[in-house]
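Got your viewer open? Let's walk through this one together, one selection at a time.

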Amino acid sequence: MSDTKLKPATKKPATRKAAPHAPELSKDDVYLFGIGMWERSWEKMGAHPDTQNRTRGWRFCVWAPDVKSVHVIGEFNDWNEEANPLVPVHTSAIWEGFIPGAEQGQLYKYLIETNEGEKLYKADPYAFKAECLRVPRACCGPSTAISGTTPHGSSAAPATTTCRSR
């Protein structure tokens, strides 16, 4: 992995122990999110560069209530729908996970499987960059094409987000 793709962080990323999942979110974060009072959620939700067990990658965190599973698919795993599952944090509807080797600028989406088995391909609502629909590799800015649906509401061509550094 090339270090030139990642921007230096303002503080050194924390190194975690060998646990398969060590939540970044505290119980207070989850509580404040649940009551709509978490005013700094962008600091932990979405995609963030991280280092775990001396391995660089990206940590992903998304809210997906009442679903069977959430995965992250993207260029880093050849869009493999089973490669990178997320896990619920503190028995909440917030899902989180770490993907070793993911690099800034790679495209990704959240794959959300409903309890009925339907697969939903969604862009990251906390992304700062997103591809425009029908315009490959175009940057639309922080608030465009984040819903994962076409302008007419179908999910036929979901938006894709890219890893970004904060």
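Before the opening stop, one term: a patch here is made of residues with over 30% relative accessible area and no salt bridge, and nonpolar side chains are joined into one patch if they lie within 5 Å. Keep in mind as you click around that this is a predicted model.

**Stop one: a nonpolar patch.** Select Y31, L32, I35 and M37. Together they make a nonpolar surface patch of about 400 Å². Now click on L32 alone: it is found in helix 1. Is L32 buried, exposed or in between? It is partly exposed, with a relative accessible area of 30%.

**Stop two: S41.** Move along to S41, in the loop between helix 1 (27-34) and strand 1 (46-52). S41 has a relative accessible area of 9%, so it counts as buried, the cut-off being under 20%. Which side chain does the side chain of S41 touch through a polar contact? Show Y126 as sticks too: the two side chains make that contact at 2.9 Å.

**Stop three: the open sheet.** Next, colour strands 1, 2, 5 and 4. These four strands form an open sheet in the order 1-2-5-4, with antiparallel pairing. The edges are strand 1 and strand 4 (87-88), since each of them pairs on one side only. Zoom in on strand 1 and strand 2 (residues 55-63), which are antiparallel and share seven bridges. For a landmark, pick H48 and look across to R59 in strand 2, which stands opposite.

**Stop four: two loops with unusual angles.** Here's a bit of background: most residues other than glycine have a negative phi. Now select N53, in the loop between strand 1 and strand 2. N53 isn't a glycine, yet its phi is positive, at about 50°. This residue is partly exposed, with a relative accessible area of 40%. Then hop to D78, in the loop between strand 3 and strand 4. D78 also isn't a glycine, and its phi is a positive value near 55°. With a relative accessible area of 69%, D78 is exposed.

**Stop five: strand 6.** Select residues 107-114, which make up strand 6. How many of the eight residues of strand 6 are buried? Eight of the eight are, so the strand is largely enclosed by the rest of the structure. Turn on the side chains and look along the strand: L107, K109, L111 and E113 point one way, while Y108, Y110, I112 and T114 point the other way.

Now add the neighbours. Strand 3 (residues 67-74) runs antiparallel to strand 6, and seven bridges join the two. One pair to pick out is I73 with its bridge partner K109 in strand 6. Strand 7 (residues 119-122) also runs antiparallel to strand 6, joined to it by four bridges. Here, find Y110 and look for K122 of strand 7 standing opposite.

Follow the chain from strand 6 into strand 7 and you'll trace a hairpin, with four residues between the strands. Stop at G117 in that turn, where phi is positive, at about 95°.

**Last stop: E131.** Finish by selecting E131, which sits in strand 8 (residues 131-132). E131 is buried, with a relative accessible area of 14%. Which distance separates E131 and L107 in space? Draw a line from C-alpha to C-alpha and you should get 8.8 Å, although the two residues are 24 residues apart in sequence.

Key:
Residues are numbered from 1 along each chain as its sequence is written. This is a predicted model: local features need pLDDT of at least 70, side-chain atom pairs count only at pLDDT 80 or more; totals for chains, interfaces and linings use all residues. Side-chain values use heavy atoms; hydrogens and water are left out. Buried means under 20% relative accessible area, exposed over 50%, partly exposed in between (1.4 Å probe, protein chains only). A polar contact is a pair of N or O atoms within 3.5 Å; within protein, one must be able to donate a hydrogen and the other to accept it, and residues adjacent in sequence count only if both atoms are side-chain atoms. Patches are made of residues with over 30% relative accessible area and no salt bridge: like charges are joined within 9 Å, nonpolar side chains (Val, Leu, Ile, Met, Phe, Trp, Tyr) within 5 Å. Accessible areas come from the Shrake-Rupley method with a 1.4 Å probe; for residues, only the protein chains shown count as cover. A salt bridge is a side-chain nitrogen of Lys or Arg within 4 Å of a carboxyl oxygen of Asp or Glu. Two strands pair if DSSP finds at least two bridges between them.
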